[in-house]
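Reader: I've just opened this one and I'm new to it. Could you walk me through a few spots?

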Amino acid sequence: MRTSSGPEVPPEGLRERKRRETLQRITDAGICLFIEKGYEATTLDAIAAAAGISRRTFFYYFKSKDEILLSLQSGVGDMIVDALREVPRDKRPLEAIRDAVVKVCALIPADDMIAIDRLMRSSEAVQARKQASYVQQEKALFAALRERWPDPQREAGLRLVAMLAIGAMRLASDAFNREGGRRPMVELLHEAFDALEAEIRPSPE
């Protein structure tokens, strides 16, 4: 239906859904081409063509092809924060993060993890930005922890928990990719968090 004031504005939900679908289509097209042709050999024009969009539309969603890979990492981080909010409230902070991380990583196929890691390692620029993104993940975890434990007196401790949790995740990820996925990521995460908790647990008198 149209009015004298102009064309009908689509509902916000519809616009957002179409935006997510286009974003996913670009991401899927980019990853497929990266795997098929190699990261450096894949052009923005090729990604846009495979996604059925214009080059101009591509830049509406991503500033560069690097951001396609980095968006996968940030997407996993968002999933972990969402999962953290669903962890039972009787869990301690580090336990809560551990449960959230394990839950999310269990959903990601091992072959996908290995393929994405190889792609990221193929570009020095992506590698550098990947390291920087860990800081953003740490901040997101810290913010989620403060939502659950808002006591200002706990802020320093919660920030430290977020930092240590990111370290445990990186340790598990490095081991997973170094071993070529021989052991499940979930097993390596438990191993890393067990080692962390063993070091910070008070020594018996």
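Reader: Let's start somewhere specific: in which helix is glutamate 197 found?

Author: Before that, a note: this is a predicted model, where local features need pLDDT of at least 70, side-chain atom pairs count only at pLDDT 80 or more, and totals for chains, interfaces and linings use all residues. Residues are numbered from 1 along each chain as its sequence is written, and side-chain values use heavy atoms, with hydrogens and water left out. Helices here are DSSP runs (H or I, at least four residues), numbered from the N terminus. Glutamate 197 falls in the run covering residues 185-200, and that is helix H9.

Reader: Does glutamate 197 count as buried or exposed?

Author: The cut-offs are under 20% relative accessible area for buried, over 50% for exposed, and partly exposed in between (1.4 Å probe, protein chains only). Glutamate 197 has 13% relative accessibility, so it counts as buried.

Reader: Which residues is glutamate 197 in contact with, leaving aside its neighbours within four places in sequence?

Author: Contact means heavy atoms within 4.5 Å. With those sequence neighbours left out, glutamate 197 touches Arg92, Leu94, Glu95 and Arg98.

Reader: How many residues does the largest nonpolar core have?

Author: A nonpolar core is a set of buried Ala, Val, Leu, Ile, Met, Phe, Trp, Tyr and Cys residues joined through side-chain atoms within 4.5 Å. Leu84, Ile97, Leu141, Leu145, Leu189 and Phe193 have the most contacts inside the largest one, and its size is 37 residues.

Reader: And which helix gives the largest share of this core?

Author: The elements giving two or more residues to it are helix H4 (66-86), helix H5 (93-105), helix H6 (110-121), helix H7 (124-148), helix H8 (155-178) and H9. The largest share is 10 residues, and it comes from H8.

Reader: How far apart are the end C-alpha atoms of H4?

Author: The expected span of a helix is 1.5 Å times one less than its number of residues. For the 21 residues of H4 that gives 30 Å, which agrees with the end C-alpha atoms being 31 Å apart.

Reader: Which residue forms a salt bridge with arginine 85?

Author: A salt bridge is a side-chain nitrogen of Lys or Arg within 4 Å of a carboxyl oxygen of Asp or Glu. Here the closest N and O atoms are 3.0 Å apart, and the partner of arginine 85 is glutamate 147. The pair links distant parts of the chain, 62 residues apart: arginine 85 sits in helix H4, and helix H7 holds glutamate 147.
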